[in-house]
Amino acid sequence: MKKEIIWVVIGIVVIGGIFLLKAKEKSEGPMEATEQSAQEKPADAMPMKVVTPPDMTDAQKAQATTAESAAAGSAVTFDVNGGNFYFVPTVMKVKKGDTVTINFKNDGGFHDFIIDEFNAKTDRIKDGAIATVTFVADKAGSFEYYCSVGSHRANGMKGMLIVE
Ligand SMILES: [Cu+2]
């Protein structure tokens with residue numbers, strides 16, 4: 001009988017020990033899993049970064065497209081106001097090859113808008129009227145625009161178109 005009791009005690013100790021080990025494994029297991037997932041997250045992030053280069057390639061393609069369109073010339077429009085004796089804006093910048101449209105509005109008086117170098121010339125219009133002229137800025141440089149009525153140009157009714 002004593003031997004049976006000893007075996008039962010040993011059995012309880014062994015089974016208890018197994019339960020303790022399993023309990024430890026369970027408590028340690030999730031921690032290891034957490035560490036693994038924490039390690040996997042950067043691992044997942046790395047492929048994401050590897051995916052980025054194609055996006056940059058697309059950006060480069062977009063830049064190339066922009067460069068091509070710039071080389072072909074863009075259509076640009078300016079709203080220009082004029083009066084006694086001024087133009088606003090006084091400076092306009094475009095790129096060589098651009099097709100430039102000027103919507104000239106007369107704030108008051110009798111005026112026109114002229115750039116000799118591009119044969120750009122509006123009709124002479126009265127106050128409140130709008131005249132439009134379009135030309136291709138096919139030369140680089142600085143070109144004065146002015147009003148050809150009377151001495152308006154000498155009185156300051158002028159500005160500068162810069163073609164880069
Ligand atoms: Cu004028």
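**View 1. Strands β4 and β9 run side by side in this predicted model.** The two strands, β4 and β9 (residues 130-136), pair in the antiparallel sense, and seven bridges join them. To find your way along this pairing, start at N103: its bridge partner in β9 is T132. As you follow either strand, keep a general rule in mind: side chains in a regular strand alternate between the two faces of the sheet.

**View 2. Strand β4 also pairs with β1.** Here the partner is β1 (residues 75-83), and the sense is parallel, with eight bridges between the two strands. A handy landmark is A75, whose bridge partner in β4 is T99. Taken with the previous view, β4 pairs with β1 in the parallel sense and with β9 in the antiparallel sense.

**View 3. D98 sits in the loop between β3 and β4.** This loop links β3 (91-94) to β4 (99-106). Is D98 buried or exposed? D98 is buried, yet has no salt bridge. Which side chain of opposite charge is nearest to D98? That is K95, 6.3 Å away. A salt bridge would need the side-chain nitrogen of a Lys or Arg within 4 Å of a carboxyl oxygen, so the K95 side chain at 6.3 Å does not make one with D98. The backbone of K95 tells another part of the story: the D98 side chain reaches the backbone nitrogen of K95 at 2.9 Å.

**View 4. The surroundings of D98 include residues from elsewhere in the sequence.** Which residues does D98 contact once neighbours within four places in sequence are left aside? They are G73, S74, V76, F135, V136 and A137. Among them, V76 falls within β1 (residues 75-83), while F135 and V136 fall within β9 (residues 130-136). Have a look at these contacts alongside the strand pairings in the first two views.

**View 5. A154 is an exposed loop residue.** You will find A154 between β10 (141-146) and β11 (158-163). Why does A154 count as exposed? Its relative accessibility is 71%, and the cut-off for exposed is over 50%. The C-alpha atom of A154 is separated by 9.1 Å from that of F85, although the two residues are 69 residues apart along the chain.

**View 6. The whole chain, for orientation.** Stepping back, the protein chain holds one helix and eleven strands, with the helix coming ahead of the strands in the sequence. Of its 164 residues, 23% count as buried. The chain exposes about 11,300 Å², with 61% of that supplied by carbon and sulfur atoms. Among contacts between residues at least 6 apart in sequence, 57% join residues at least 24 apart.

Definitions and conventions
Residues are numbered from 1 along each chain as its sequence is written. This is a predicted model: local features need pLDDT of at least 70, side-chain atom pairs count only at pLDDT 80 or more; totals for chains, interfaces and linings use all residues. Side-chain values use heavy atoms; hydrogens and water are left out. Helices (H or I, at least four residues) and strands (E, at least two) are DSSP runs, numbered from the N terminus. Buried means under 20% relative accessible area, exposed over 50%, partly exposed in between (1.4 Å probe, protein chains only). Lys and Arg count as positive and Asp and Glu as negative; His and the chain ends are not counted. A polar contact is a pair of N or O atoms within 3.5 Å; within protein, one must be able to donate a hydrogen and the other to accept it, and residues adjacent in sequence count only if both atoms are side-chain atoms. Contact means heavy atoms within 4.5 Å. Two strands pair if DSSP finds at least two bridges between them. Accessible areas come from the Shrake-Rupley method with a 1.4 Å probe; for residues, only the protein chains shown count as cover.
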